[in-house]
Structure formats: C-alpha cells, structure tokens
Amino acid sequence: MALTNGARSERPVLGPDERDGPWPHVLLAWPTLALTLLFVVPLGIIAALGFFRRIQAGFFEVGFVLDNYARALDAFHLERLSVSVLLALAATLIILLVAVPFTFLLTRRPRRAQVPYLVLVLASLSLSEVIIAFAWSLLLSRTSGISNLLARVGLLDAPVAWSPGLWAVLLAFVFVALPLAILSLYPTFSRLDQELPEAAGTMGAAPVVGFVTVVLPLVRRAVAATGALVFIFVLGAYVIPQTLGRPAQWTIPVHITDQAIMKNHLPLAASLAIVLLVVSSLIAAAIVLLGAGRFPRVALPRRAP
Amino acid sequence: MAPGGRCDGPAGGVTTARPDLTIQGLGKRFGATVALEGVDLRLPGGSLVCFVGPSGCGKTTLLRIVAGLETPTTGRVLLGERDLTRVPVHRRDVGMVFQSYALFPHLSVAENVAYGLRIRGVPKRVRLARAQELLELVQLPDVGNRRIAQLSGGMRQRVAMARALALDPALFLLDEPLSALDAKLREGMQVELRRLQRRVGITTIIVTHDQEEAMTMADLVVVMGDNRVQQVGPPLEIYRRPANRFVASFVGRNNFLPARVVAPDAVEVAGVLAPLAPDVPAPSAGSEVTVAVRPESLRLRQRAPAGAALQGSVTFVRDLGRVVETRVRVHEQELVVSGRGGFVEGDGVWVELPEAGVVALAS
C-alpha cells in the first residue's frame with residue numbers, strides 16, 4: 001500500500017477498516033470479551049447446570065439428566081409461569097397506560113417545566129427493588145401504613161392491611177418500572193412535531209381522537225419496545241412478589257430463589273431460569289413485532305426542509 | 001391556477017356570503033411576558049388578510065388564537081355573530097397550514113387530505129374522491145398514493161393547503177406558508193395562493209414576516225410590531241400613508257428627516273417648505289415631526305427646481321440595473337434616491353421633494 005501510494009501520489013480508495021486502522025477492532029474486542037465472560041459463559045453454565053444430577057446432601061454432580069427440566073415444566077411450575085407472565089403483562093399494560101399519556105403531555109410542556117418531573121423520575125430510578133418493596137410493605141400495612149392516616153381523617157372506619165395481595169404487587173411493579181418506561185419513551189415523544197396533534201385538532205379531531213389517530217401510530221414502535229423492556233424487567237423481579245404478595249402471587253423468580261437458596265436445589269433453579277428466559281424472550285419479541293405491525297417503515301416526523 | 005385545473009373549489013363553485021371575523025380587545029400573556037395587547041380588528045368575510053411584522057411581534061400568537069390553539073387572556077374572537085373565544089379548536093371550523101406543514105408521515109398523501117373527513121365518518125370511497133378533487137385543485141393530481149417523505153418541499157406545501165381546505169372551512173389560516181420554499185418557488189406560490197383563495201372565496205389569514213409578500217398578496221394588511229397592531233389597511237394605503245415610524249421603516253424603505261409643522265398643510269424641512277400629503281391627519285402647527293419620504297418619490301435635479309428641494313452632494317452611486325440608487329448628503333443626513341441616475345460621486349445636486357406631499361409622523 002505504501003509503495004503504491006508513493007508511486008502514484010493519488011489518494012488511495014480505502015475501505016472502512018483501512019481508514020480507521022486497527023483501533024475499532026481493539027475497542028470492540030473489550031466489550032465483546034466482557035459480554036462473553038460475564039454473560040455468555042454464566043448463561044452456558046446455568047443451561048448446563050439444569051442437566052446436572054442433584055445429590056441429596058444439597059449439592060449436585062456433573063451428569064446429564066432431564067429430571068430438572070421435566071420438573072420445571074410440570075403442572076405446578078407451568079401454572080406459576082402463567083401467573084408470572086400474566087402479572088407482568090398486567091403491570092406492563094398499566095405502566096404503558098400511565099407512561100404514554102404522561103410522557104406525551106410532559107414533552108408538550110416548555111423544556112424548563114419538564115426538568116422537575118424528569119429529576120423526580122430519575123431520582124426514583126435510583127431506588128432499588130428491595131427498598132421499594134419494603135417501603136410499600138410498610139405503607140400498605142395495617143399497623144403503620146397509609147390506612148392509619150385515612151382512618152384518622154375519617155376516610156376509613158379502621159386501618160386495614162392492603163399487603164400482601166395482588167394489588168400491592170401490581171402497585172409496586174408500576175412504581176418500580178414506571179420511571180424506566182417514561183425515560184424510554186421520552187426521546188421519541190420529544191422528537192414528535194408538536195404541530196401534528198394540533199393539525200389533527202384543526203381538522204375536527206378532539207384531543208383524544210387526534211392522539212389515537214396521529215400520535216399513537218407514530219410512536220407505536222417506541223411504545224412496543226418500552227412494553228418489552230418493562231415486561232422483562234417486571235418478570236424478573238422477585239423481591240416485590242415475595243414481600244408484597246401472597247403465595248398465589250409468587251412468581252417463577254420467587255421459586256427460583258427458593259430452590260437455589262432455601263432448598264439448595266441448584267439444578268432445578270437453573271432449569272427454571274432457562275425456561276423463564278426462553279418464555280420471556282419469546283413474549284418480548286412478540287410485543288416488539290406487534291408494535292412494528294402495520295407500518296413497518298414509519299419514519300420519525302421531521303421538519304419540512 | 002393554470003388551465004386544466006378544476007373550476008369547482010371546495011365551495012362547489014358557489015361563493016356564499018362569508019361572515020366577517022371580528023377581534024375585540026384581545027390580549028395574551030405567557031406568564032409575565034406580554035405576547036399581545038389591545039388587538040381590535042374587523043376582517044371582511046372572503047378577504048385575504050396578511051399579518052405582517054418582525055419575528056416575535058405576536059402575529060403567530062394572534063393566528064393561533066384565531067385558530068383556537070391558544071386561549072386569549074383578554075378579549076373576544078367573533079365570526080359573524082358567533083363568539084369563538086371559548087370554542088375548542090376541533091369545533092371551530094378552521095383549516096390551517098402550519099409552518100412545518102404538519103403532514104402526517106404515517107398516512108399517504110390522499111389519506112392526509114381526507115383526514116378531516118375520516119374523523120367525521122365520511123365513507124372511504126367518498127372521502128378519497130374528495131381528496132383527489134382537492135389534489136387536482138392544488139395541481140397535484142398524481143401523488144395521492146405517495147408517502148409524505150416522497151414529496152418535495154413545494155409539493156408538501158400544496159398538500160398541506162389541500163388538506164386545510166378539505167372541509168371547506170370558514171377560515172383558512174396559514175402560518176408562514178412560504179418561508180420554507182426557495183425564492184423562485186415562493187414567488188410562484190404567492191400568485192398561486194392568491195388565485196386559489198379567489199377561487200374558493202374563504203376568508204384567509206396569512207402570517208408572514210416578509211412585507212413584500214404581504215403587499216403583493218393581501219386585500220388587507222395588518223402590520224404588527226411590539227405585540228400590538230400598528231396599522232391596518234389595504235397594501236397601497238399602508239405603503240403611501242404609514243401611520244407611524246415603525247410602519248414607515250418596516251414596510252418598504254424610507255428616508256426620515258426631522259421637520260417642523262408650520263401650517264395645516266406644510267412642514268419645514270431643513271429650511272425648505274414642503275407640502276404635506278393630503279388625507280393624512282396633520283400634527284398641530286409648531287410641533288416637531290419626522291418626515292418620511294420613499295426613495296422612489298424623490299427626484300434628482302442639476303438645477304434648483306420650482307418645487308420644494310434640498311441641496312446636497314452625491315456620496316455614492318449603485319446601479320441596480322432596473323434603477324439607480326443614488327445617495328445624497330443633505331446637511332447632516334444621507335438620503336437614498338432611486339431613479340434613473342445620471343450623476344457621479346461628488347456632483348452637486350438638488351433633491352426634489354414629491355409634489356404630492358410628504359408624510360409627517362409624530363416624533
């Protein structure tokens with residue numbers, strides 16, 4: 001190459017690799033290595049662990065048995081799996097129903113007015129699931145919860161226990177994942193031309209009609225991607241259903257924890273984890289595909305040139 | 001509209017009497033910021049009105065209030081007898097072309113034009129036929145099936161107009177409709193927009209910062225500045241009889257000279273008596289005023305003419321082809337004269353003031 005350049009003194013046509021030198025490869029190698037070491041290898045170990053043989057003493061030995069996967073797919077665990085999926089889907093639906101209109105209205109406010117809300121959203125993201133679960137279990141308890149306050153001001157006859165229960169779990173799910181949903185929707189909504197819903201209004205569309213016929217079709221991909229993100233996030237939670245739920249709301253992650261930590265049955269915990277991973281990936285992919293549905297090439301609204 | 005375009009507009013070719021638009025005591029504040037103050041206007045039904053003014057003067061806010069996209073802090077908006085002030089935008093019967101055009105990227109061109117009809121539950125076949133009719137009206141008969149992204153800027157502009165006219169609105173509102181187009185296309189669209197408006201006969205308001213655009217298109221020009229209406233009138237009246245210094249300097253070019261009123265029909269400018277233009281309320285005798293004179297209404301003479309004239313010397317000559325612009329120093333001031341030229345720098349000349357009189361503005 002160097003010789004050719006010298007001889008012809010004209011600019012060589014370089015491929016992207018040659019132009020950038022070896023650096024992109026070196027830079028890419030690091031995250032690839034990290035991802036392999038920290039994600040692919042452990043995942044492989046867990047998948048393999050599911051086939052190992054459990055020993056009564058509480059450990060396992062290397063082998064190849066299908067017992068663990070068979071148990072992970074028995075009637076009890078399948079029922080738990082469907083409860084987990086339904087709970088996560090319900091939470092996702094509630095979160096989207098709150099986050100989509102909220103983010104839409106937020107991004108229509110002047111930038112400066114948005115800041116306090118964004119700070120609040122970011123701040124609540126910094127709370128861990130554990131703190132949120134225990135805080136809500138206190139707030140919803142009969143002895144020291146919000147119901148005491150409501151009873152004191154006369155809105156309730158006597159303090160009641162709202163936790164554990166289905167609604168307590170859903171509430172905490174919404175609380176923990178709502179900021180994530182808002183932040184995930186925010187960029188798309190803030191790029192949306194504000195004049196689009198206004199234009200719909202001038203043509204006789206009431207605000208809700210304009211939102212459904214103009215805004216939603218333009219943001220459906222972002223909404224679907226956010227739905228998938230929230231769904232996976234919620235489905236993986238185990239402190240919330242364990243702390244705020246009755247056994248009826250104990251999801252697969254609770255049982256995985258139970259098997260791995262309480263019962264020392266690591267091969268069963270591993271096979272349950274793999275089943276959960278496959279199911280959640282399939283459902284998340286379905287949500288994304290659903291969002292891409294009718295208009296596969298929806299372009300983001302741009303200002304006219 | 002070129003021959004070949006359809007003759008029946010959205011009104012079906014029948015021009016019905018359009019109600020006047022009345023704006024009374026309108027004001028708008030955003031927090032502590034005053035966006036509009038004391039706006040009183042009566043715009044005749046069926047006319048084309050331009051709101052013109054520098055950016056930030058409140059003209060777009062006024063248009064958005066008329067559209068129902070903003071609520072005024074004070075005052076009322078009436079269409080005929082109907083009070084629109086609290087009527088939400090979707091019940092106002094307006095068609096609007098936005099500055100960004102605001103075309104819906106997820107719909108085809110025809111679906112965009114037919115959107116308002118879809119909202120009203122008009123059957124698909126009927127509304128698409130109507131969309132086609134409107135696309136022919138704006139001379140785009142073949143783009144109905146295209147995506148918005150496949151259109152040029154000029155085409156988008158026409159589609160936005162077709163869409164705004166689809167419901168035969170009572171008011172046709174355009175926010176800087178031509179600002180995104182290049183100069184040549186803009187000139188063509190000015191003529192086309194004017195023709196389109198005449199054909200459909202809908203009361204039309206165009207917001208523009210381009211005073212030339214306003215002067216060439218409008219029946220009535222509303223000059224805005226400093227968040228209020230500075231002057232309302234037909235273009236020529238605004239050009240010839242600016243109400244104040246703001247209008248005189250914003251609309252076209254003007255020379256400004258200090259003067260003193262000496263009689264009901266005369267002022268003294270730099271020691272010379274000059275007639276005041278008739279039909280203009282003259283300030284009281286003795287008051288100090290500013291005289292505004294258009295460069296094209298001044299004449300250059302080699303010798304002192306019979307009428308009022310100021311003596312000076314040529315400082316700069318610029319030949320623009322169609323006219324020659326000559327700058328003349330008179331006392332401490334430089335006057336711009338546009339005409340046939342014929343002088344060079346350093347020449348001593350007489351600048352003849354217009355026989356029709358000068359316009360005196362309160363200082």
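**Note on the predicted model: chains A and B**

1. Of the 363 residues of chain B, 44% count as buried. The model is predicted, so treat every value below as computed from predicted coordinates.

2. Overall layout of chain B. The chain holds nine helices and 20 strands. Its C-alpha trace spans about 75 × 45 × 40 Å along the principal axes. Take the contacts with a separation of 6 or more: residues 24 or more positions apart account for 66% of them.

3. Domains. The assignment for chain B gives domain 1 as 21–93 + 169–240 and domain 2 as 253–362. Domain 1 of chain B is therefore written as two segments, whereas domain 2 of chain B is one. Their C-alpha centres lie 34 Å apart.

4. A sheet in chain B. Five strands form an open sheet, in the order S15-S19-S16-S17-S18, and the pairing is antiparallel. S15 and S18 (333–339) stand at the edges. Each has a single partner strand, so one side of each is left without a neighbour in the sheet. Neighbouring strands of this sheet are turned by 45 degrees against each other on average, direction ignored.

5. S19 and its partners. On one flank, S15 (residues 299–301) of chain B runs antiparallel to S19(B), joined by three bridges. Arg301(B) has Trp350(B) as its bridge partner there. S16 (residues 309–319) of chain B also pairs with S19(B) in the antiparallel sense, over five bridges. In that pairing, Ser313(B) is bridged to Gly348(B).

6. Faces of S19. Which side chains of S19(B) point to the buried face? Val349(B) and Val351(B) do, and both are buried. Gly348(B), Trp350(B) and Glu352(B) point to the other face and are not buried. The side chains thus alternate along residues 348–352. Two of the residues on that other face have been met already: Trp350(B) as the partner of Arg301(B), and Gly348(B) as the partner of Ser313(B).

7. Positive phi at Ala102(B). Phi is near 50 degrees here, a positive value in a residue other than glycine. Ala102(B) sits in the loop between strand S6 (94–97) and helix H2 (109–113) of chain B. Is Ala102(B) buried or exposed? Ala102(B) counts as buried, because it has 26 C-beta neighbours inside 10 Å and the cut-off is 20 or more.

8. Positive phi at Gln139(B). Phi is near 65 degrees, again a positive value in a residue other than glycine. Gln139(B) lies in the loop between helix H4 (124–137) and helix H5 (153–165) of chain B. With 16 C-beta neighbours inside 10 Å, Gln139(B) counts as partly exposed, because that class falls between 12 and 20.

9. Confidence in chain A. Mean pLDDT is 84, and 89% of the residues of chain A reach 70 or more. Where is confidence lowest in chain A, and where is it highest? The lowest is in helix H1 (residues 2–8), at a mean of 41; the highest is in helix H10 (residues 195–202), at 94.

10. Weak stretches of chain A. pLDDT stays under 50 over residues 1–9 of chain A, where the model has three contacts beyond four places in sequence. It also stays under 50 over residues 294–305 of chain A, where the model has 20 such contacts. Where pLDDT is low, the predicted coordinates should not be read in detail.

Notes
Residues numbered from 1 in each chain as written. Chains lettered and ligands numbered in written order. Predicted model: local features only at pLDDT ≥ 70, side-chain atom pairs only at ≥ 80, totals over all residues. Helix = DSSP H or I, 4+ residues; strand = E, 2+ residues; numbered from the N terminus. Contact = placed C-beta atoms within 7 Å. Pairing = 2+ DSSP bridges. pLDDT = per-residue confidence, 0-100. Axes fitted to C-alpha atoms, helices over the stretch in contact; angles between N-to-C directions.
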